[in-house]
Amino acid sequence: MKKLFLLSLVFLLYGCGYDLNSAIGNGDVIDRHGNLKNLYKLENFIVDMNSDKESSLRVTQFTEEGDPILIDLSYDLDNGLLMEYDSSRDDYSNLEPFSTQCHSIEHVVDGYYISGCNEIDEIRLVYYMN
């Protein structure tokens, strides 16, 4: 019984990680140092939002060390654009996870940014490598 408990604990601890394979398997928009996957999903989310259609999306950014930063976006008519930001898996972040209402997603030369948020001015969603 003790061995089963320890084995379950090991699986639980290692199962809490969110790595590149998890992000790919979940269909996230991925920004890994400017190398992007599934960018079309962010573009589709913006089209849905501009058409007042309910939509949700996860953007996962990876730090140089490979730590994930999770940004969950949702849009509906009642709540508008909501963002949940979680950098708690980043060993070098001291920012607590938070949720905030935002105004817009901007497409600029070097990527996409979410702006006009209640809790923070602007956050980069994805970055284009030049």
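**Exercise 1. Work out the strand order of the open three-stranded sheet and find its edges.**

Step 1. The open sheet of three strands runs in the order β7-β8-β9, and the pairing is antiparallel. A strand here is a DSSP run of E with at least two residues, a helix is a run of H or I with at least four residues, and both are numbered from the N terminus. Two strands count as paired if DSSP finds at least two bridges between them.

Step 2. Now look for the edges. β7 (104-108) and β9 each have a single partner strand, so one side of each is left without a neighbour in the sheet.

Step 3. Neighbouring strands in this sheet are turned by 25° against each other on average, direction ignored. For such angles, axes are lines fitted to C-alpha atoms (for helices, over the stretch in contact), and angles run from 0 to 180 degrees between N-to-C directions.

Step 4. Zoom in on one pair: β7 and β8 are joined in the antiparallel sense over five bridges. Within it, His 107 sits opposite Tyr 112 in β8.

**Before you go on**

This is a predicted model, where local features need pLDDT of at least 70, side-chain atom pairs count only at pLDDT 80 or more, and totals for chains, interfaces and linings use all residues. Residues are numbered from 1 along each chain as its sequence is written, and side-chain values use heavy atoms, with hydrogens and water left out.

**Exercise 2. Decide how far you can trust the model along the chain.**

Step 1. Start with pLDDT, the predictor's confidence in each residue, from 0 to 100. The protein chain averages 86, and 86% of the residues score at least 70.

Step 2. Then check the start of the chain. Over residues 1-15 the pLDDT is below 50, and this stretch has zero contacts (heavy atoms within 4.5 Å) beyond near neighbours in sequence.

Step 3. Draw the lesson: where pLDDT is low, the predicted coordinates should not be read in detail.

**Exercise 3. Describe the whole chain in a few numbers.**

Step 1. Count the elements: there are three helices and nine strands. Along the sequence they follow the pattern α-α-β-β-α-β-β-β-β-β-β-β.

Step 2. Of the 130 residues in the protein chain, 39% are buried. Buried means under 20% relative accessible area, exposed means over 50%, and partly exposed lies in between (1.4 Å probe, protein chains only).

Step 3. Take contacts between residues at least 6 apart in sequence: 35% of them join residues at least 24 apart.

**Exercise 4. Find the disulfide and say where its two ends lie.**

Step 1. Recall that a disulfide is a covalent bond between the sulfur atoms of two cysteines. The cut-off used here is a pair of cysteine sulfur atoms within 2.5 Å.

Step 2. Searching the whole structure turns up one disulfide. Cys 102 is joined to Cys 117, with 2.1 Å from S to S.

Step 3. Cys 102 is in strand β6 (residues 98-102), while Cys 117 is in the loop between β8 (111-115) and β9 (122-127), 15 residues apart.

Step 4. The torsion about the S-S bond of Cys 102 and Cys 117 is about 100°, so the disulfide is right-handed.

Step 5. Are the ends buried or exposed? Cys 102 is buried at 8% relative accessibility, and Cys 117 is buried too, at 10%.

**Exercise 5. Locate two residues with positive phi that aren't glycine.**

Step 1. Asn 38 has a phi near 65°. You'll find Asn 38 in the loop between β2 (35-37) and α3 (39-50), partly exposed at 25% relative accessible area.

Step 2. Asp 52 has a phi near 55°. Asp 52 belongs to the loop between α3 and β3 (55-62) and is partly exposed at 44%.
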